[in-house]
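Trainee: I am new to this structure and would like a close look at a single part of it. Please start with the whole chain and then narrow down.

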Amino acid sequence: MDILKRFLNYISIDTTSDSKKSDSPTSLGQRKLAKVIMQELKELNVDNLYFDNDHCYIYAKINGSSSYPSVGFVSHLDTSEDERGSDISPKMIVDYDGQDICLNDNCLLTVSSNPDLKNHIGKTIITTDGTTLLGADDKAGIAEIMGMLEHFTHNDCEHGDILVCFTPDEEIGMGTDNLNLSYFNPDIAFTVDGSVLGELSYENFNAATANISIKGINTHPGTAKDKMVNAVRLAIAINSSLPLEIPENTENYEGFYHLEEISGDVSYAKMKYLIRDFSFNDFEKRKKKLTAIVNELNKKYNNCIELNIQDKYFNMHSIIKNYSDYLDLVFSAIDEVNVEPIVIPVRGGTDGANISQMGIPCPNIGTGGHNFHSIYEYICLEDMQKVVEILISIVNNFSKFNKENVNIMR
Ligand SMILES: [Zn+2]
């Protein structure tokens, strides 16, 4: 099936996940999309197909030779809550002329804000109508993986096992919560969930969340001397003691403390920080620094501050660095279809970070989409077709390597 037809069909289904719900999946649209994909996978006649009805995960497999490393691909069914994901009316700009694109009377996709548009002159661009997101994140990934599967079900060639998993609720951090490794356990996997064509990411933040609650003592301000403990003032003191390493001041490999929430009054205040760093040592130092600040204040104010730090995910590089031979294969696979690999550290997390922690190295690959989670989201059709070639090339490249030799190299 044509990749465009698949993509337009997938984005016509509203699969916005819902962070207020804890059911799996958090929205019925995801089940609806899963049903469509299951039907397509049946038609492709893959060797193994399983739908985890309890949690809405799709697992598919094309059997190959066990002499080669098995390769897995992952995309997510849901779309972000950041913009509306229902009633998407995509616009197709055929033979793009390099000018600003009018999404609607009040909304322009400009070349000045989106210099990448210049790479798509003469090609077909798919945009929104300026009122919804597009859903290329991650339905482009699903369509591309389906295109790759279609290739290998129609072409009889040597390869290792090819495994695919489509997960629910990635956008709200639950994508791998119910991933079943007895159905998905390749030697290497890829999330197809990144942005530009050629993007390859194998590093991401180490991440923790710190919740702080402060119990103050309220008295009449006129007679407060030596009695009042002002919770909001202590909250401000905590924040002022941290360095100005904050999201709005940092980029590339720089970590940060992000004060995501703060509220309170004299008698009670609470704060929430996101702590992020690529380096594990610096990540630990950040947590220690916040703990030391709180401990110091607690000494002075009778232990009125409670700090709870929870690790969320870790840098996949700690796992992937042991698989440089596999990474070399991925670089050459991208190269061989005449795409320049673009290595981008992910200033966030991916499902691949969690999958890597489960023992399966899992870098992220670009889908060709731009401006995710936004009404300005767009994708170039030719880039989607090229990503299918990249996925096919990856499988083919891993088939050139004897598994035993690869293991010896490690
Ligand atoms: Zn995504």
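What percentage of the contacts in the protein chain with a separation of 6 or more comes from residues 24 or more positions apart? After that, please look closely at Y257 and the strand where Y257 is found.

Mentor: The model is predicted: local features need pLDDT of at least 70 and side-chain atom pairs pLDDT 80 or more, while totals for chains, interfaces and linings use all residues. Residues are numbered from 1 along each chain as its sequence is written.

To your question: the figure is 78%, where a contact means two C-beta atoms, placed from the backbone, within 7 Å. The protein chain has 10 helices and 18 strands; these are DSSP runs numbered from the N terminus, with at least four residues (H or I) for a helix and at least two (E) for a strand. Of its 410 residues, 46% count as buried.

Now the close look. Y257 sits in strand 12, residues 256–264. Y257 counts as buried because 22 C-beta neighbours lie inside 10 Å; the cut-offs are 20 or more other C-beta atoms within 10 Å for buried, 12 or fewer for exposed, and partly exposed in between. Leaving out residues up to four places away in sequence, Y257 touches L242, E245, I246, Y273, I275 and R286.

Strand 12 pairs with strand 13, residues 268–277, in the antiparallel sense over 8 bridges; a pair requires at least two DSSP bridges. E261 has K272 in strand 13 as its bridge partner. A hairpin of 3 residues joins strand 12 to strand 13.
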